[in-house]
Amino acid sequence: MAVIEMKQTLYFIILIGLLSCQNSEKKVELKSKDCNNTKLVNYIYPISNFTNGKTFLYSLKSNREPKPELFKKRYSLKVDKDSLLFSVTENSQGIVTDSTIFTLTNGIPKVIESFTRVDAYPELIPTKDSIVGNRYCEFGTFGNSFEYEIPFNGKMVSRKFQGHTTHKEYVKRVFNGIEYNCAIMESQKTLTAEFNGQIEKLNGTWTGCTCESLGELYSTTKTEDGMVIEHKLEEIIE
């Protein structure tokens, strides 16, 4: 088993580039360290997606794969003693690849549990997510990290994605004939994979567009070895 499986690696860089990756052990110079502005909540995690139980169809296309892959992302809300938000991603075979549970506090979603799936292991794997700074602050930069371990031959393969994400600008974008207010976000990421004492690293950049009352519209990931992957919203399934 290779320490870094390229296809799986880039898939997770895309998914965590904005919405799932949340902390960093690196010292990142934050532009808005004490910012209390949370305007971007409705761009990054629109609450209406959860309350309305929306499902989105995304495509994932690589310059090294002949055909794009399709994924469904479903949102739901459970109102009890606590309000819990759920986000689940399924591939074209109906297999859950990612699952995230949020708690809602003062209108701000916070990740409390998340899981992911990799080709090398048949079950969902718990992940560790957190942030440094405020991910919802206008024109701010926050540090982020996302990590998990994969059991393999009695040992563990560890993967950690680290870096920082910056809100660059506001733009207008049209989807299905409707114009949305959107935000452009950019990330610098490094994947560190370790197995049996061997360490490998892969650097990449991520640029995404996420829209008010919609969520992620599209994103592009580029890695230092020349791979380019596009992640794009294709359809809203009500």
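Aspartate 98 is buried, because its relative accessibility of 12% falls under the 20% cut-off. This is a predicted model. Aspartate 98 belongs to strand E4. Its side chain makes a polar contact of 3.3 Å with the side chain of threonine 97. Valine 118 lies 20 residues away from aspartate 98 in sequence, and the C-alpha to C-alpha distance between the two is 9.6 Å.

Strand E1 holds another buried polar residue, serine 59. Serine 59 has a relative accessibility of 9%. Which side chain joins that of serine 59 in a polar contact of 2.6 Å? The partner is glutamate 234. Glutamate 234 is also among the residues that serine 59 touches, once residues up to four places away in sequence are set aside. The others on that list are Glu69, Leu70, Glu230, His231 and Lys232.

**Aromatic pairs**

The structure contains 11 aromatic pairs. Two of them are set out here.

| Pair | Centre to centre | Angle between planes | Type |
|---|---|---|---|
| Tyrosine 45 and phenylalanine 102 | 4.8 Å | 65 degrees | edge-to-face |
| Phenylalanine 56 and tyrosine 75 | 5.7 Å | 90 degrees | edge-to-face |

Why does the pair of tyrosine 45 and phenylalanine 102 count as edge-to-face? The planes of its rings stand at 65 degrees, and an angle over 60 degrees earns that label. Tyrosine 45 sits in the loop between helix H2 (41–44) and helix H3 (47–51). Phenylalanine 102 is in strand E4 (residues 96–105). The pair therefore ties together parts that are 57 residues apart in sequence. Tyrosine 45 is buried at 6% relative accessibility. Phenylalanine 102 is buried too, with a relative accessible area of 2%.

The pair of phenylalanine 56 and tyrosine 75 bridges two strands. Phenylalanine 56 is in strand E1 (residues 55–62), and tyrosine 75 is in strand E2 (residues 69–79), so this pair links parts that are 19 residues apart in sequence. Are these two residues buried or exposed? Both are buried.

These four residues also belong to a cluster linked by ring pairs. Its members are Tyr45, Phe50, Phe56, Tyr58, Tyr75 and Phe102.

**Charges over rings**

Tyrosine rings also meet charged side chains. Lysine 39 lies over the face of tyrosine 170, at 4.9 Å from the ring centre. Arginine 135 places its charged end over the ring of tyrosine 136, at 5.9 Å from the centre.

How values were computed: Residues numbered from 1 in each chain as written. Predicted model: local features only at pLDDT ≥ 70, side-chain atom pairs only at ≥ 80, totals over all residues. Heavy atoms only, no water. Phe/Tyr/Trp six-rings, centres within 6.5 Å; stacked < 30°, edge-to-face > 60°. Helix = DSSP H or I, 4+ residues; strand = E, 2+ residues; numbered from the N terminus. Buried < 20%, exposed > 50% of the residue type's maximum accessible area, 1.4 Å probe, protein only. Lys NZ or Arg CZ within 6 Å of the ring centre and 35° of its normal. Polar contact = N/O pair within 3.5 Å; in protein donor to acceptor, adjacent residues only side chain to side chain. Contact = heavy atoms within 4.5 Å.
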